[in-house]
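This report examines a protein model and the way its chains are arranged. The reader is invited to keep the structure in view while following the sections below.

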2 protein chains.
Amino acid sequence: MSLPSHVRLVEVGPRDGLQNEKQPISVADKVRLVDDLSAAGLGYIEVGSFVSPKWVPQMAGSAEVFAGIEQRSGVTYAALTPNLQGLEAALAAGVREVAVFAAASESFSQRNINCSIAESLNRFEPVMDAARQHGVRVRGYVSCVLGCPYDGAISARQVALVSRELQAMGCYEVSLGDTIGVGTAGAVRHLFEVVGREVPRERLAGHFHDTYGQALANIYASLLEGIAVFDSSVAGLGGCPYAKGATGNVASEDVLYLLQGLGIETGVDLPRLIEAGQRISRVLGRESASRVARARSALA
Amino acid sequence: MSLPSHVRLVEVGPRDGLQNEKQPISVADKVRLVDDLSAAGLGYIEVGSFVSPKWVPQMAGSAEVFAGIEQRSGVTYAALTPNLQGLEAALAAGVREVAVFAAASESFSQRNINCSIAESLNRFEPVMDAARQHGVRVRGYVSCVLGCPYDGAISARQVALVSRELQAMGCYEVSLGDTIGVGTAGAVRHLFEVVGREVPRERLAGHFHDTYGQALANIYASLLEGIAVFDSSVAGLGGCPYAKGATGNVASEDVLYLLQGLGIETGVDLPRLIEAGQRISRVLGRESASRVARARSALA
């Protein structure tokens, strides 16, 4: 067993998290959250999404958020851009890194973005071209990699095909998302074995949801497979859109606690990260979903 | 990596769980809980504790609970008996398996049971003798194996010494408890490596608390070390006595979900286990701490 000595944490709270919170929050609160996160040492923050506010009202004002944040050197501030219009808006806002997403499940793709997996990949082509022209890096997400709310089981082979396609189109990294949190450690290891045959492991990331409490076990399983990039959401922002009241994105604080325990470097300061999570939880008027934050505040 | 094909789950909810719930519940509700758990397929249930109700009012009526439960064949119904008086009361109640507990931390031993580790082991001698005379098996617990609320870090070597002592005194199995839930996966593997040199791994069990969200990752790490017995508490009963509002014992439902995902046999039925947990949570007037139970009920 040799674990990576360093892990890169991709903080998705301001985007994937807030997008799934019922209550939209102000641009000022978003700016503060992003600044708190960079101050805590996070080197990669997904700040917002350039999509129609008609579909995702929580992401309105992403350009203003980009304009308002303190851009620390060495920190990547990324945006989700599902189509060319979104990419252009992101470029106009000065965004230098974007992300696109595809599903590993046909039914999920149809219900979530109204087209087949193949069609969604076709739609990304002009996004990839324009990004390349502007020297903007593109990260790819694959959702439902360990199960789909409509189709149930998803084959690792299918995930591998979509991942390979995203890489071939120019994504420098592909993040594999257990969107509904149903996966367990053995399936995670199998997934990275199979996908790792198509995409080098150093270009893969894990994106786990804690809906069934499995996220940290799955991250540990991923580390054992040599994966060294993980997406997480401060305070577990986001919840689970497929099971109201249940947990969604794994909390960044809990991931960091695990990594620190394993002696793995991240550059992130746990107390400051916990503070950032407590502040945004107060804004949302709800308790943090991070167990580490809860334990620390109960002990304080 | 070769995982055990079968795991024995030791259900500690009726004892370790309810003992740490503020609200004492009726004998009838305890009987129902134990019967629900055996009906779900659990083969080992820690039913109660024979201690003075002055110290642990939640455990009053343990004899009545033993008298009231349906004793299914093949199921072990155990009781905690910290001293000879407790053992005699347990024997009078027809108990056929008991447990004793020691701490791996001197400060915890002093504050929790008012004596040193060595003194606590001395106190068990008459318990072990009497149990042997009556053909009653004794299981040993060691608490604070990965950290102590007073002393901080605990050395694996110290845990190994206490565990060896308990085995030498006649405990057929020693359960290593991360009482405050601070341990992470690497420390767990190291612990079993070190303790495994003194006590064979097939005589060791893992007892994890989810206070920092690490329990399932720690169980997965233990499985990778060949450990095949785990203590857990239905609905996560018990909370954390050292951090009010935080999580304590890992929820049995979440452990079972992990094991099922890994293809490991337990003989336990998940939907019936979830039902048992939902029922006792209603009695206590609180939400289940099992993420699996929450996700399933949110989806229902």
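## A salt bridge within a helix

In this predicted model, Asp129(A) and Arg132(A) both belong to helix α6 of chain A, which covers residues 117–133. Because the two residues are three positions apart in that helix, about one helical turn separates them. Asp129(A) and Arg132(A) form a salt bridge, with 3.1 Å between the closest N and O atoms. Over all chains, the structure holds 34 salt bridges.

## The annotated domain

The UniProt record, an unreviewed entry, assigns the feature "domain: Pyruvate carboxyltransferase" to residues 7–274 of chain A. Helix accounts for 41% of this span and strand for 16%. The C-alpha atoms at the ends of the span, residues 7 and 274 of chain A, are 19 Å apart.

## Relation between the two chains

A turn of 180 degrees, with a shift of 0.0 Å along the axis, lays chain B on chain A with an RMSD of 0.0 Å. The two copies are therefore related as by a two-fold rotation axis. Within chain B, Ala217(B) has the C-alpha nearest this axis, at 1.9 Å. Both copies use the same surface, since 100% of the contact residues of chain B recur in chain A.

## Extent of the interface

The size of an interface is often expressed as the accessible area lost when the parts come together. Between chain B and chain A, the buried area is about 2900 Å², and carbon and sulfur atoms give 59% of it. Tyr212(B), Tyr257(B) and Arg291(B) supply 27% of the area that chain B buries against chain A, more than any other three residues. In terms of contacts, 33 residues of chain B meet 33 residues of chain A.

## Polar and charged pairs across the interface

Two salt bridges are counted between chain B and chain A. In a salt bridge between the chains, the side chain of Arg291(B) meets that of Asp210(A), at 2.4 Å from N to O. In addition, 10 residue pairs are in polar contact across the interface of chain B and chain A, with both residues at pLDDT 80 or more.

## Elements and residue types on the chain B side

On the side of chain B that touches chain A, the elements giving two or more residues are α8 (185–195), α9 (215–224), α10 (252–261) and α12 (291–299) of chain B. The most is given by α12(B), with six residues. By type, the residues on this side of chain B comprise 20 nonpolar, seven polar and six charged.

Notes:
Residues numbered from 1 in each chain as written. Chains lettered and ligands numbered in written order. Predicted model: local features only at pLDDT ≥ 70, side-chain atom pairs only at ≥ 80, totals over all residues. Heavy atoms only, no water. Contact = heavy atoms within 4.5 Å. Buried area = accessible area lost by both parts, 1.4 Å probe. Salt bridge = Lys/Arg side-chain N within 4 Å of Asp/Glu carboxyl O. Polar contact = N/O pair within 3.5 Å; in protein donor to acceptor, adjacent residues only side chain to side chain. Helix = DSSP H or I, 4+ residues; strand = E, 2+ residues; numbered from the N terminus. Nonpolar A, V, L, I, M, F, W, Y, C, P; charged D, E, K, R; others polar. UniProt positions renumbered as here; feature names shortened; annotations may be inferred. Least-squares fit on C-alpha atoms with pLDDT ≥ 70 in both.
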